[in-house]
Amino acid sequence: MKAFLMLIFAVAIAFVSYQYVYPPLSAKFGLDKPLSLPVVIVEEKIDMTKVELPKVDMKPVEAPKPEPKPEPKPEVAMAPPPPPAPEPVKPKADEFVPPEFGTIETIVGNWLAIPKSVFTTPKLIKCTKEVEVKSKAGGTKIPAGGTLYALSQEGSNIVVASAPTSPFRGLVALDDTDLKAIVTNAYEAWKVDRVAGLRRQFEQKKMADASPKRSTGGASSGGNAKPEKDKDGAYPLLLASMKSGEVTEIKLDNIKKWGEAAQEKIDGENLWTVTVTFEATTPFGKFETDAQAQIKAGKVAKWVYTGTGEVVP
């Protein structure tokens, strides 16, 4: 305990000495000033002959070239607008207008539906190259230029026979024959005939309209009575002729118009005539046409086409 008290006493004396004794002593002996050391300045000489300077490219710097000015585009003269299409010339009332026909591809369904009327009778065709005619009995080779008879069509093939009366039946590709050319040529010829017939029919009707009116009443000499219409506007006398088979192309269901009975002098005889407009079936479609029934002694003596004068089958 005594030692501990001595330690405390020593610390107290040291504290008091530091606070009150040390400052006057340090001021007396100059211990309170900061210590200053001499500064030595050393000058370093540099040998400039040994200093390597960076190389500088002394080439003259080219000034940037000015960007070329865009050349002005030549002015394109605007084309004048096309003139308006001329209006189609309307035909005159007394002028014949030929009908418009479809293309052969339309008529034959792009060659997949040739009208059956084309094959009404066996049609002689040629092979354009060597072909093998396939049949139930096997295959038969036909050389290029060889002939066959076309009987009907099955898709892109043609049913053929070696002769019109031969029992042999086989198939050959349509494109391996000249049937397309045959049908196309027939269609072109038919169009020419069709236009010519319609033109004659038009001219005859025009002449008939310009001539004095024919008699449409009364009775003719020789007991040739005027044909009478029924309540539906048809002529029982003409219907009886159709039913009896005197004409097969004209039927009640394809008649479009019944004309009026009139008297005409034909081949030196006074006859009653009736013009009938009907829809005729041709190898290349259905078209309206006119036929004339010539009546003698109370019976239909003849049916003729008004355009050509040919007998209607």
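Let me start with the lining of the second largest pocket, to which α3, residues 179-210, and β9, residues 269-282, each supply at least two residues. Please keep in mind throughout that what we are looking at is a predicted model. Of those elements, α3 provides the largest share of the lining, namely seven residues, and the lining as a whole consists of 18 residues, with Trp190, Arg194, Thr282, Tyr305 and Glu310 lying nearest the centre of the pocket. In chemical terms the lining is mixed, since it divides into six nonpolar, seven polar and five charged residues, and the space within this second largest pocket comes to about 450 Å³.

Now to the salt bridges, of which a search of the whole structure finds five. In general, side chains of opposite charge can pair when their charged atoms come close. One case I would like to show you joins the side chains of Asp176 and Lys129, at 3.5 Å from N to O. Asp176 sits in the loop between β6 and α3, while Lys129 sits in the loop between β1 and β2, so this pair ties together parts that are 47 residues apart in sequence.

Turning to the surface, Phe4, Leu5, Leu7 and Ile8 make a nonpolar patch of about 410 Å², and Leu5, one of these residues, is found in helix α1, which covers residues 2-28.

That patch brings me to a word on confidence, because α1 is where the mean pLDDT of the protein chain is lowest, at 69, whereas strand β4, residues 147-154, has the highest, at 94. For the chain overall, the average pLDDT is 80, and 76% of the residues score at least 70.

How values were computed: Residues numbered from 1 in each chain as written. Heavy atoms only, no water. Patch = residues over 30% accessible without salt bridge, like charges linked within 9 Å, V, L, I, M, F, W, Y side chains within 5 Å. Areas by Shrake-Rupley, 256 points an atom, 1.4 Å probe, with all protein chains shown as cover. Salt bridge = Lys/Arg side-chain N within 4 Å of Asp/Glu carboxyl O. Helix = DSSP H or I, 4+ residues; strand = E, 2+ residues; numbered from the N terminus. 1 Å grid on protein atoms, 1.4 Å probe; cavity = no way out; pocket = protein on both sides within 12 Å on 5 of 7 lines; lining within 4 Å. Points joined across faces, edges and corners; volume = space filled by probe spheres on them. Nonpolar A, V, L, I, M, F, W, Y, C, P; charged D, E, K, R; others polar. pLDDT = per-residue confidence, 0-100.
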